[in-house]
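Take a look at the chains shown below. This report walks through a few of their features, one at a time.

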Amino acid sequence: MDPSFLLVQSLSGLASASSLFVIASGLTLVFGVTRIVNFAHGSFYMLGAYVAVTVVPWLLEIDRSPWLFFAGVLISAAVVGLLGVAMELLLLRRIYKVPELFQLLATFGVVLMVQDAVLKIWGPVDIPGPRAPGLRHGVEIFGQRFPAYELFLIVVGPAVLGLLWLLMHRTRFGVLIRAATRDREMVGALGVNQALLFTGTLFLGAFLAGLGGALQIPRVSASAQMDLSIITEVFVVTVIGGMGSVTGAFLAAVLIGQLQAFGVLVFPKITLVLVFLLMAVVLVIKPWGLLGRPEPAAGRAALPEGILSPRGFGGAERALLGVAVASLLALPLFGDAYAVKVATEVLVFALAAFSLNFLVGNGGIVSFGHAAYFGLGAYAAGLLVTKGGLPMEPALLAAPLAGGLFAALFGFFVVRLSGIYLAMLTLAFAQIAYAVCFQWVEFTGGDNGVVGVWPSAWASSRHVYFYLVAACALGAILALRHVIYAPFGATLRAARDSEPRADAIGIDVRTHRWLAFTLAGVAAGLAGGLYAFSKGSIDPTMLGIPMSVDFLAMILLGGIQTVMGAVVGAAAFHAIKDVFMPLTDYWRFLLGASIIALVLIFPRGLGGAWGALRART
Amino acid sequence: MTLLAAEALNKRFGGVVAARDVAFALSAGEMLAIIGPNGAGKSTTFNMVGGQLRPDSGRVLLGGEDITGLPPREVCRMGVGRTFQVAQTFLSMSVIENVQMALIAHAGRTRDMLAPTSRLFRQDALALLARVGMEAAADRPIGELAYGDVKTVELAIALAAAPRLLLMDEPTAGMAPRERARLMQLTAGIAREEGIGVLFTEHDMDAVFAHADRILVLVRGEIIAAGTPEQVRDDPEVQRVYLGTTGVRAALRARRAHG
Amino acid sequence: MAEAVLDVAGLKAGYGPAEVLFGVTLALRRGEVAALMGRNGAGKSTTLKAIMGLLPPRGGKVRFAGTDITGLPPFRIARLGLGYVPEERRIFTDLTVFENLEVGRRPPRAGRDAWTPERLFAVFPNLAEMRGRRAAAMSGGEQQMLTIARTLMGNPDAVLLDEPSEGLAPVIVEQMAEAVLRMKAEGISVLLSEQNLDFAAAVADRAYVIERGEIRYEGTMEALEADEHVREAYLTV
């Protein structure tokens, strides 16, 4: 191959590595000090781009000078930094001590709110930014033309690394950040007010994300999808580099940049799979990333956030359940087609949410990418019917198999980790599955998905299909519920409560968690398959982050401490969504705010409220 | 007859020697205490026997079988029960469910997805709780119990695997003074009646001298004394270590220098 | 009798369900060095942590320089002038010696010379030679000196010193004793926890003996040295 081509390819890899590093450095700094993985970091990046496409053209009106361009970029970054401060003061400060799941969900609530805020302020159309004055030309490198702005970006990464190094080593603020990353408590005992330090760190972190976004405007238009597309990449970079390590993030960004630049030549369709393979290999060899350090073991004896001793149904609950199931099954007799459709969806989501709470509530395995198994089940069923020409029945069997197979594959790596690393790995796997479905246009239909996923003739009426879904979903839920009450379920709770104790009584914790992950994948896959036939189509949103978060919101709303909470939560969530979504243009804003409110004031959900009510009477 | 034998165990962390040629033997029904200052290598030794740490060299033999470097769950299946310095129990469960869980694990039924857990081994669990005097609390959530009672239940959990050897890391740490004697008496009684060997570390000297048959004194990773409580008590080297006479001259010179 | 700069009454604390302190009462007088003696696990470190606010007190009162500091966050307590030197050293290993001192720096207090790195290097000459070195590369004894110097950078009126002689070679123990006496000469009151009787005897004016989370003995250091009964009961095996 032509060496000059390889060089240019490598340079473009460096340019994207540079941008990735600038953003990832902010996330990793914030995590190092606050121990919170900030989902909204991607939103800060997006806001940086939007503020820049607003501010920079305005400045360039005054004079088309490179200096004003970069002044505009810095102003945008500073504005975003201030938004980071606001987020710390209003939200993060209240959730430093809550479980990781709640932290992730609350910051994701901010993501949703920002998405709608951006749509409201800047509208739905992508906004192209101005090119940078003085850097609009191309540079000749061994006979290949290379954009000057890309060359400039290559310099930005090391420059930011250098400036961060100076900040970290030559200022009191930086020294305190480094000290706090190692031992927060000791920093406090030496008289440092951590609250101020955290606020300052959030400014810095958000500033860097905003800077990364603002620097992108000559390359890409500001769009409302920037946040989620970047956050996964940034998560992968920080996980590979080691959470909290700026230098590690730099190394990882360069590694991924090169891998993508050259991977695209060899395997143009699966560069993301390469990135995932790199991440999996790194995490298996070094579970805390290239330059990360093990999290100090918590070692505290606290009641877990999850299902406690599961009780059987009481008399009142039996009656309620009977009425609920009976009225559900009677629905097609008096409800209209729309009601039947909604009820079908509620059943599907109830199964998906129940399988997620089997992991989260019962096993303490906080999966942030459960939609992957739901979606893969849907795709397996949908593709078999449309491309494979199979009828519905075998396709519906394939759905749980696909969900289980992928859950077994991904779970093999996932159960080797714990806490926040585990959550991020599940998320990364889900995003990879999403990206494959999104990019592999010939096979999966890409963004549009595939239509024509219809049930067999005998089940084609809405009513019959509803009863089919009801049988499958209720059967699977009852089966999973039975497992929760069986020794396997108790073993998962035991390992969640105390891993050392489980180990000491002879339990192979990892293998049990792997089985649980696979089992949950089977159930989610079945739900996905049922969903595909009820919608008649498949598309990538079925395995996107928002779908995973919907599932999490359902179990949170239902209460992760209770066995049946997930079902109630799914029903309530879907009903609320159904009622409110048509009424407002700002559904995501409302949803984000509700998730934050749930985390802050109602963390036990409806199931917790019911339990409290029962305890009182 | 020898139940547990540690042969020339060595362990280093970086440049620090945590255990140097640690060797001892423990018979069935015997209570062997390991004492020593903080950082002497007690936990290291303990964890090498329990499988939490793999020794750099040396062997651990249980009933003549080599168990060196086996993970804790395997060590458990070989007949070793263990309690922790900070009690480790399943906080979401009731007292009896904790014991039932250990019995289910012992019976190899943790992957059973059919049987109702609450009815499995309930009678056996009640008998174990009765053995440690906790049957009255069987159906209470374990999180509601006083800490001394939690540690007692932990003993019942450890006994569920019908162990030949009990490893107890600071069994009385964190307990109120009057609860300590009760737990140690209980342990000693069970050990002697059932011929279970007990290896324990302990800071509470009353507990050690009242109940240990033999004592090992570890300092900086080495055994400096071993013997019956009387022998250890009279050992001048042990006295020196515990009263920290090592720095005496240096310290006195420092004092003179400052008047 | 000098007034008490630190007054602890009926202090209770523990970790999770484990109870460690069952009502500790002691006082540190202005300008003195007091030793809190006891075996491993007796509650020495827990007492110091609970005073410093690193472990939330579950009962009792702590007053420092006339202010009730019970339950205050550690940074407030440190800013009032109570320094803390932890047992496990807890040096910021990624930071240089100089940077470690920087973390501890607080504004000077009225009527007293502020500690500066240069003044501290005069007291701890070893540290001066390695000011630019990463703390991870220091020996245990040097790290112990650094923790004390780091705390002094906060210009404290009193210092809680947790197990200063533990795990140190005799020659370092000697330097440690000198450092404690130097603090006393500077007018800093010191409460240290200690198992090593000789070390305590070399530096302390008074002693408390703690056993199973309660104070069992209080007296001058000389009286404790002379009291074979107390020593045997609480300090030896």
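**Where chain C meets chain A**

In this predicted model, 22 residues of chain C are in contact with 19 residues of chain A. Together the two chains bury about 2,000 Å². Of that area, 56% lies on carbon and sulfur atoms. Which residues of chain C lose the most area to chain A? They are C:R90, C:F92 and C:V103. Together these three account for 27% of what the chain C side buries.

Charge plays a part in the description too. Five salt bridges are found across the interface of chain C and chain A. A:R182 and C:D94 form a salt bridge through their side chains, with 3.7 Å from N to O.

**An open sheet in chain B**

Now turn to chain B. Six of its strands form an open sheet. Their order is β6-β7-β8-β3-β9-β10, and the pairing is mixed. Why do β6 (80-83) and β10 (222-227) of chain B each have one side without a neighbour in the sheet? Both stand at the edges and have a single partner strand, so one side of each is left free of a neighbour there. On average, neighbouring strands of this sheet are turned by 15° against each other, direction ignored.

Follow one edge more closely. β6(B) pairs with β7 (residues 165-169) of chain B in the parallel sense, over four bridges. In this pair, B:V80 stands opposite B:L165 of β7(B). Helix α5 (residues 147-159) of chain B packs on the sheet and touches β6 and β7 of chain B. Its direction makes about 165° with that of β6(B).

Another helix also meets these strands. Helix α1 (residues 42-50) of chain B lies across β3 (31-35), β6, β7, β8 (197-201) and β9 (214-219) of chain B. Helix α1 of chain B runs at about 150° to β7(B).

**Two residues with positive phi**

Most residues other than glycine have a negative phi. Two residues of chain B have a positive value although neither is a glycine. The table sets them side by side.

| Residue | Phi | Location in chain B | Relative accessible area |
|---|---|---|---|
| B:A8 | about 45° | strand β1 (residues 2-13) | 34%, partly exposed |
| B:F121 | about 55° | loop between α3 (95-106) and α4 (122-131) | 24%, partly exposed |

**A buried helix in chain A**

Back to chain A. How many of the 11 residues of helix α19 (residues 487-497) of chain A are buried? The count is 11 of the 11, so this helix is largely enclosed by the rest of the structure. Among the buried residues are A:P487, A:F488, A:L492, A:R493, A:R496 and A:D497.

What covers them? The cover includes α13 (337-363), α18 (462-485), α20 (499-504) and α21 (509-535) of chain A. It also includes α3 of chain B.

**Cysteines**

A disulfide is a covalent bond between the sulfur atoms of two cysteines. How many disulfides does the structure hold over all chains? The number is zero. Are the cysteines A:C472 and B:C76 buried or partly exposed? A:C472 counts as partly exposed, because its relative accessibility is 23% and the cut-off for buried is under 20%. B:C76 has a relative accessibility of 6%, so B:C76 counts as buried.

Note on methods. Residues are numbered from 1 along each chain as its sequence is written. Chains are lettered from A and ligands numbered from 1 in the order in which they are written. This is a predicted model: local features need pLDDT of at least 70, side-chain atom pairs count only at pLDDT 80 or more; totals for chains, interfaces and linings use all residues. Side-chain values use heavy atoms; hydrogens and water are left out. Two strands pair if DSSP finds at least two bridges between them. Helices (H or I, at least four residues) and strands (E, at least two) are DSSP runs, numbered from the N terminus. Axes are lines fitted to C-alpha atoms, for helices over the stretch in contact, and angles run from 0 to 180 degrees between N-to-C directions. Contact means heavy atoms within 4.5 Å. A disulfide is a pair of cysteine sulfur atoms within 2.5 Å. Buried means under 20% relative accessible area, exposed over 50%, partly exposed in between (1.4 Å probe, protein chains only). Buried area is the accessible area (1.4 Å probe) that two parts lose on being put together, summed over both. A salt bridge is a side-chain nitrogen of Lys or Arg within 4 Å of a carboxyl oxygen of Asp or Glu.
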